[in-house]
Structures are given as structure tokens and as C-alpha cells.
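Hello,

Here is the structure I promised to pass on to you. Have a look at it first, and then read on for what turned up in it.

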Amino acid sequence: MHTDGFAAWTRRFEEERERRSAQGDPDWEQGATLPPEVWAGIQRFQVGEDGDGANLIGKADEAGDGDYARAVRLFVAEEQNHARLLARLLAAGHLPTLPGHWSDTAFVRLRRLMGLRTELLVLMIAEVVALRYYRALRDGTDDPLTSEVAGRILSDEQRHVPFHCERLHASLAELPRATRRPVMALWRLLLLAVSLAVAADHGPGLRRLGVGRRRFVADVAASSGSIVSTTLASRPDARTSAD
């Protein structure tokens, strides 16, 4: 498979890595105070961010695009940094991380069912839902440390979505034209189902952040339109964001 633009994505990821290094970590010593319902949501999302990414990296290597494979490794490193930031945030609030959660287990198993295209389609669902959650976490609390951590993660996620869109665009182009829109229609249905499950699971925490279940689901659904347009467009705009 031959795709363009992933050398540029590698440079973006590398530049962001250098910026993070120069910026340093938040001031963990200030601590964090949040309602129990919000802490519970952070614990669950921390589990989802944690992982070695070996399955995705292996499939990226098999795709035969060295630039893309390097960019995927940098993406995985950013996700691992998110898990670290959330773990440090939990520690600042004197809470432990969770050993696992059913939702993360289900996503991992689904992602590993088939090839890179399926892996990315499922991963994109998690990324789009995460965008709305971290925006709520950033804007819905007056705890400075939590807002800072959520803002940092959100900034990364806003780059991750267009990165995956660009690769999905190339992958969908390999399918017969008549099947591309049905694939993305099915993706939107799965995204809706997942957002409903997340809203149900995180409802109390979302309410404490000023976002009700219905609004959360509606916002996630609304954000999917630009993603579908980007992946199906004749020339994708790599900077399209779901936020």
C-alpha cells in the first residue's frame, strides 16, 4: 500500500515530543480534588489509554509503509503518556489505578479480530468518544491540575483523529466504491452504540462535569460527520478534527 503524508505526520509527532519534553510535567504537588463520580471516570479512561500498542504496531509494519509505521510508534508513545498523566493525576488525588475494565477488554478484542482497517475503525470510535470526554473534563471542573491534564490529552487527541482519518482514507480506497459508504454507515452505528454505553456507564460523572447523557451522545454523533466526509473524500484534509 502506498500513501502520502506520513513522513509529515512523523515530523509532527516528533515536534510534539520535543515540545512536551521542554514543557515538562504539570505540578503534581498541588494535588487534585474532584467528586467521586468524576474520579471513577478518570480511572476507567486511564485503563483505556494504557497498553503497549504491539498489535497496532505489528499491523502497521505489515502495511509496508515505513513512514506510517514510524508515525504509529510515536502515536502509541503519546497514548502511553496519556496513561501516565492520568495515573499521576489519580495519585495526586490519592486514588489507585484500576487493573482493568470490561469496556477496554471488549475494545481490545474487537480491534484484534481482523486487519489494520478494522483495527483503525474500532480505534477511531474510542478516539472520538475520548475527544468529547476530555473536553468535558477540561471545561467542567474548577480543579486546576485536572483541567491542565485533560487539556494536554485533548490537544493530542485532536491530532490523532485526523492522523487515523488519513490512513483510513487510503485503506477504504482499496475497497469497491459501492461498499465504502456502507462501511462508514456501520461505523457510525457502532459509534452511537458505544457512546450510549459510555454515557450510561459515566452518567453520574458526566453530570458533575456539566454534560448530561443525551448531550454527550448527541455531541459524539455530531462530530462523526466530518470524520466520514474526510475518510470518503477524494483528497482528505489531514487537519480535519472531530472537536
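A definition to begin with, as the helix crossings below depend on it: a crossing is right-handed if the near helix is turned clockwise from the far one by less than a right angle, and left-handed if the turn is anticlockwise. Please also keep in mind that this is a predicted model.

By that convention, helix H7 passes helix H10 in a right-handed crossing. H7 covers residues 144-172 and H10 covers residues 213-232; their axes come within 7 Å and cross at roughly 45 degrees. That angle makes H7 oblique to H10. On the H7 side the contact is made by Val161, Cys165, Leu168, His169 and Leu172, and on the H10 side by Ile227, Thr230, Thr231 and Leu232.

Now for the overall picture. The protein chain has 10 helices and zero strands, so the pattern along the sequence reads α-α-α-α-α-α-α-α-α-α. Of its 243 residues, 49% are buried. Among contacts between residues at least 6 apart in sequence, 81% join residues at least 24 apart.

A second helix pair may interest you too. H1 and helix H4 (residues 66-92) pack with their axes 8 Å apart, at an angle of about 30 degrees. Angles under 35 degrees count as roughly parallel, and H1 and H4 are therefore roughly parallel to each other. The crossing of H1 and H4 is left-handed. From H1, the residues in contact are Phe6, Ala7, Trp9, Thr10, Phe13, Glu14, Glu16, Arg17 and Arg20; they meet Asp67, Tyr68, Arg70, Ala71, Leu74, Phe75, Glu78 and Asn81 in H4.

Several of those names come back when you look at the aromatic rings. Counting rings of Phe, Tyr and Trp whose centres lie within 6.5 Å as pairs, the total comes to 10 aromatic pairs. One of them joins Trp9 and Phe13, a tilted pair with 6.1 Å centre to centre and 40 degrees between the planes. Both residues lie in helix H1 (residues 6-23), four residues apart, which is about one turn of the helix. Are these two buried or exposed? Trp9 counts as buried because its relative accessibility is 2%, and Phe13 is buried as well, with a relative accessible area of 1%.

Another pair is formed by Tyr133 and Tyr134, this one edge-to-face, at 5.5 Å centre to centre with 70 degrees between the planes. Tyr133 has 3% relative accessibility and so counts as buried; Tyr134, at 1%, counts as buried too.

Ring pairs also link Phe6, Trp9, Phe13, Tyr68, Phe75 and Phe163 into a cluster. Two members of that cluster carry an arginine over the ring face. Arg12 lies over the face of Trp9, at 4.2 Å from the ring centre, and Arg167 lies over the face of Tyr68, at 4.9 Å from the ring centre.

One last residue to check on your screen is His94. Most residues other than glycine have a negative phi. For His94, however, phi is near 65 degrees, a positive value. Where does His94 sit? Its place is in the loop between H4 and helix H5 (102-111). With a relative accessibility of 74%, His94 counts as exposed.

Happy browsing, and do write back with any questions.

Best wishes

How values were computed. Residues numbered from 1 in each chain as written. Predicted model: local features only at pLDDT ≥ 70, side-chain atom pairs only at ≥ 80, totals over all residues. Heavy atoms only, no water. Phe/Tyr/Trp six-rings, centres within 6.5 Å; stacked < 30°, edge-to-face > 60°. Helix = DSSP H or I, 4+ residues; strand = E, 2+ residues; numbered from the N terminus. Buried < 20%, exposed > 50% of the residue type's maximum accessible area, 1.4 Å probe, protein only. Lys NZ or Arg CZ within 6 Å of the ring centre and 35° of its normal. Axes fitted to C-alpha atoms, helices over the stretch in contact; angles between N-to-C directions. Parallel < 35°, antiparallel > 145°, perpendicular 65-115°, else oblique. Contact = heavy atoms within 4.5 Å.
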